[in-house]
Amino acid sequence: MSNDAHTAVRRRPTQVDVARLAGVSQATVSQLLNETAAAPARILPETRQRIFAAVSELGYSANPIAQSLKRGRNFLLGFHTFENVFPADQHDFYYPFLLGVEAEAANRGFDLLLFSPGVATENRAARPTRRLLMADGCILLGRHVDRDALADLAREDFPFVFIGRREIPGAEVSYVGADYAAATEEVIERLTALGHRRFGYIGESDGGEQSEDRLAGFWRGIDAAGARDGSVKHSKPLTPDELRRWVVERGITAVLVEPGDDDSNVASLEAAAAAIGVGIPEDLSVVVLGDPSFTSTTRDWSRFEIPRFEMGRSAVQLLLGRIEGERQPHHELLDCRMIATPTIAGVRVPESKH
């Protein structure tokens, strides 16, 4: 066999090859395979049959790169994190976000392109987020973000949606988040119904918007319960002596714990309580304001579930709207579900001395 014959065997079939085999023009093949508006009326049924037979015989398939250039799209959705948070296993906190994004992207006919965090740089033109322009749009995720990079993307009108509420000075950002404020307020309502009137809050010092929302819900619930007097907020973690002052001197009977990147905050509280003989929940009810991956403690903590899979799906839906031309930023907050376990109980009434 000649070199030309070998080349012919290996060469990818084109629309010209299909047209030659079917005995029609390349324009007719293009109209039919690209489903232009004029195709149904102009192409006879027998011609259509010949074209599809030629497609089958030659094994023709459209070149996805050429198709994307023609339509102005790659049919790729980017997924970028500002830190190393891609899940290592199914128990990772971020895993359900990725599952939700993947499920909705596949449902809409898009592939996912995963971008690594990259290396920070002061040169804006060289920032890792410049690589996101390879995709039609991007889902962004991460606790610690490059806010200048987000502002740049917003000014360039690049379609993106953040998972988690994000407020960027001088830029409107579309996001899908969890309603942490309402969920935290519900926790206070549950504890108030159990007789608690003095509350402690252990929070993150640099948690961003999610910390702000939880703390806002805490104080909103405290004020609704008339429990501002005696309630206190503290940045992690509590020492045993500090916890003793909370329980003995302040009379605090319930503590709400904001999770950080892991479960270390609640594990530290558990250790401090054990060190001073404070029982959970006999002396102190404890609720975790989220559902982190519990690796440092085995107790089944009262908590609220973050709808991570649903947030991933909703982020893709918002993003596709942006890609289609929707310019008005959208903000969506999804409800969390409270899970009450034996780490909360009613306030214990002191025994009478008589």
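## Burial and overall make-up

Of the 354 residues in this chain, 48% count as buried. Keep in mind that we're looking at a predicted model. The chain holds 13 helices and 12 strands. If you take the contacts with a separation of 6 or more, 69% of them come from residues 24 or more positions apart.

## Helix α5: one side in, one side out

Let's start with α5, which runs over residues 45–58. With 14 residues, α5 reaches 20 Å from its first C-alpha to its last, close to the 20 Å expected at 1.5 Å a residue. Four of its residues, Thr47, Ile51, Ala54 and Val55, are buried. They sit on the same side of α5 because they cover an arc of only 100° around the axis. Flip to the other side of α5 and you'll find Pro45, Gln49, Ser56 and Glu57, which are exposed.

What covers those buried residues? The cover includes α2 (15–22) and α3 (26–33). As for what comes next in the chain, α5 is followed by Gly59, which has a positive phi, near 70°.

## How α2 and α3 meet

The two helices that help cover α5 also pack on each other. A pair of packed helices is described by the angle between their axes and the distance between the axes. For α2 and α3, that angle is about 110°, and the axes are 8 Å apart. Since angles of 65 to 115 degrees count as roughly perpendicular, α2 is roughly perpendicular to α3.

The crossing of α2 and α3 is right-handed. On the α2 side, the contact is made by Gln15, Val16, Val18 and Ala19. The α3 side brings Gln26, Val29, Ser30 and Leu33.

## Helix α8 and its strand cover

Helix α8 spans residues 147–155, and its buried residues are Ala149, Leu150, Ala151, Asp152 and Leu153. Here the cover includes two strands, β3 (137–141) and β4 (160–163). Just after α8 comes Asp157, with a positive phi of about 65°.

## Helices α9 and α10

Next up is the pair formed by α9 (residues 180–193) and α10, which pack at an angle of about 35° with their axes 7 Å apart. Their crossing is right-handed. From α9, the contact takes in Tyr180, Ala181, Ala182, Thr184, Glu185 and Ile188. From α10, the residues include Gln210, Asp213, Arg214, Gly217 and Phe218, along with Arg220, Gly221 and Ile222.

Helix α10 (residues 209–224) is also home to Ser211. Is Ser211 buried or exposed? Its relative accessibility is 8%, so Ser211 counts as buried, given that the cut-off is under 20%. Setting aside residues up to four places away in sequence, Ser211 touches Tyr201, Glu204 and Glu258.

## Asp291, a buried loop residue

Where does Asp291 lie? You'll find Asp291 in the loop between β9 (285–288) and β10 (302–305). Despite its place in a loop, Asp291 counts as buried, because its relative accessibility is 10%.

Leaving out neighbours within four places in sequence, Asp291 is in contact with Phe93, Arg303, Phe304, Glu305, Ile306 and Arg308. There's also a C-alpha distance to look at here: Asp291 and Asp263 are 28 residues apart along the chain, and their C-alpha atoms are separated by 8.8 Å.

Notes. Residues numbered from 1 in each chain as written. Predicted model: local features only at pLDDT ≥ 70, side-chain atom pairs only at ≥ 80, totals over all residues. Heavy atoms only, no water. Expected span 1.5 Å × (residues − 1). Buried < 20%, exposed > 50% of the residue type's maximum accessible area, 1.4 Å probe, protein only. Arc of directions from axis to C-beta. Contact = heavy atoms within 4.5 Å. Axes fitted to C-alpha atoms, helices over the stretch in contact; angles between N-to-C directions. Parallel < 35°, antiparallel > 145°, perpendicular 65-115°, else oblique. Left-handed = near helix turned anticlockwise from the far one by under 90°.
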